[in-house]
Protein chains: 2
Amino acid sequence: MIDVCVVGLGAIGAFYAFVLEHSGRARVTAVCRSNYNILSEDGIDILAEKIGRYPSWKPYRVFRTASEAADRQYDLIICAFKALPDVTTTPEILQPLLHNTDTFVLIQNGIDIHRDLRKARPDADIISCCAWIDATPLNGGKAVEQTGPDKLSSGLHTDASPSKPSEERGRKALQTFHDILIAGGAGSEIVDNIDAARWRKVLWNVTFSTLCTVLRVPVADLLSKRVLANVLPTIRGMMSEVITVARSLGIEEAQLPEQAAEAVIQSCMNLYSDERNENPSRFKPSMLVDLEADRPMEIEPIVGAIIRSAAEHGVATPRLDTVYAQLKVLQEQLIQRRNT
Amino acid sequence: MIDVCVVGLGAIGAFYAFVLEHSGRARVTAVCRSNYNILSEDGIDILAEKIGRYPSWKPYRVFRTASEAADRQYDLIICAFKALPDVTTTPEILQPLLHNTDTFVLIQNGIDIHRDLRKARPDADIISCCAWIDATPLNGGKAVEQTGPDKLSSGLHTDASPSKPSEERGRKALQTFHDILIAGGAGSEIVDNIDAARWRKVLWNVTFSTLCTVLRVPVADLLSKRVLANVLPTIRGMMSEVITVARSLGIEEAQLPEQAAEAVIQSCMNLYSDERNENPSRFKPSMLVDLEADRPMEIEPIVGAIIRSAAEHGVATPRLDTVYAQLKVLQEQLIQRRNT
């Protein structure tokens, strides 16, 4: 039985915390702020497409703060909170727990999300994951519904660092994490190049999420047949900028194929466009849900990190710059309102 | 006494209709839909900074439709309605009046706004104007308040056409129009190259108006000191694209100086940015006012016409394309809602 601490039990954090315990091989200490009462009192209903329905699930322990959880060492500390470096960095959030493990797992969107943590713990292993999953809180957060396929693509960040740990220890932790996910009934894969995988995932977030957010519309409105002639070239142009930045960082065609962009677009067209679908889903990206709920958005990991890499490598990203500037205006308003 | 028909008596249309009659040299037949009752019953209060306060002004005649006004020939027909070619073209709106003058005056925003009319009346003179004026409807449209300086920059569209009228007739009409405006107390200037003047004016609309509209924020939020580092480069980039398109159409530095862009930015900074101004104006561009009122926006004359020219001349406009695609999504929703 391994000890895991999960920080942030939104829909995705709660789903994977459940999966870990469901494996019978891990016990989970949960750190959660907004849904502490639900988790500690009645528990949460897990409604998972493949794994099944588990009413009133409670993790091994539930705490409101990281300090309370810092009473032991963990085999893994999993960060499933939103990455908001312009509000609070990951090391700041983890502060009391920062030395309570040698292996961190980041289940978060975006690019370069591990950098702050790498600086704060140069000796630790950092695994990060792209969650290809639709999980939604229901009933005021009393339930989490997971629909369709689920897959966590996980990999070890092997960035060179003077005090870099032996990769062997990291790879072993990654394998254990993967085995437990599979044992718990979830989809899981280990990827060789997690950076490339993250760039692939960000193709969706940096285009569909950002445009829906700026315009405050569901994906279906972005892909309405009446506007496709203008929207698709813009999305393709943005994705092409993303791939050019990735190439400048050494991520090659084999790891992030040019075609990945069109694959994302076509899968969205199938799900959301009235050109292909009589009743397209009215799904809203979580970035827009955050905006509508007056919560800061993950614009730094999803867009900011890309345009900063672009600037460092002299890559022009006019479309991404434009959308980033727009999001920045909205984000500053969210942060201001939060502070007053 | 000349006969003038003014179609569209929003704040700017009403202000100039008043100025024309105030000169004592013109009588105005007004065609107005939404404020017909106000104008025909109580009249409208004109509150003009320089000219003064004129309560309950009524034009010579007021009609609800263009057909009713088509009972005579006019020396000038002035179009002061919004240019919405994606909803209704100017010739469609003017249809019953299309042959009731030889001289049209367009007081409208954007680029290429005269093209439809030129096709419908290749033999007519077309004057167009850039209105550098802040005029606002007050009190539910019962008053129009004009503040600060006002200037109408007017010029003759001299595009070659097989049946082009003698330029002399056009220049004479332009001079008369200018003289009457001055006699009525307004600011007026005749410009040699009205196309270049329109490109200069569009620098403001295509950047500040569009970005405020997409984000649904006043200009002040766009120029908040907390976001300037991202917003200003985007605005400069967009303006640079506009100027490159204008150059490809033969509009040279002398007519549209590179510096014009920075001049627009600096004047906006002075008015709207909290970096320069303790209580910046919370002014919202009319495009945003239209969006908030669920009315179609002038995206075609202000953005669409530019990117179409760019495409014809092989000029890359990635930022403008992005913002146009965004506006197009919003515009289609406005048009759909209007049709249902």
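Which residue forms a salt bridge with A:Lys82? It's A:Asp290, with the closest N and O atoms 3.0 Å apart (the rule asks for a side-chain nitrogen of Lys or Arg within 4 Å of a carboxyl oxygen of Asp or Glu). This is a predicted model, where local features need pLDDT of at least 70, side-chain atom pairs count only at pLDDT 80 or more, and totals for chains, interfaces and linings use all residues. Residues are numbered from 1 along each chain as its sequence is written, chains are lettered from A in the order written, and side-chain values use heavy atoms, with hydrogens and water left out.

Chain A splits into domain 1 (2–192) and domain 2 (195–339), with bounds from an automatic or database domain assignment. Their C-alpha centres sit 24 Å apart. Contact (heavy atoms within 4.5 Å) draws in 21 residues from domain 1 and 22 residues from domain 2 of chain A. Between them the two domains bury about 1900 Å², 55% of it on carbon and sulfur atoms; that's accessible area (1.4 Å probe) lost on being put together, summed over both. One salt bridge turns up across this interface.

As for the two chains, a turn of 180° and a shift of 0.0 Å along the axis lay chain A on chain B with an RMSD of 0.0 Å, superposing by least squares on C-alpha atoms of residues with pLDDT of at least 70 in both. That's the relation of a two-fold axis. In chain A, the C-alpha nearest the axis belongs to A:Arg319, 2.7 Å away. The copies meet through the same surface, because 100% of chain A's interface residues are also interface residues in chain B.
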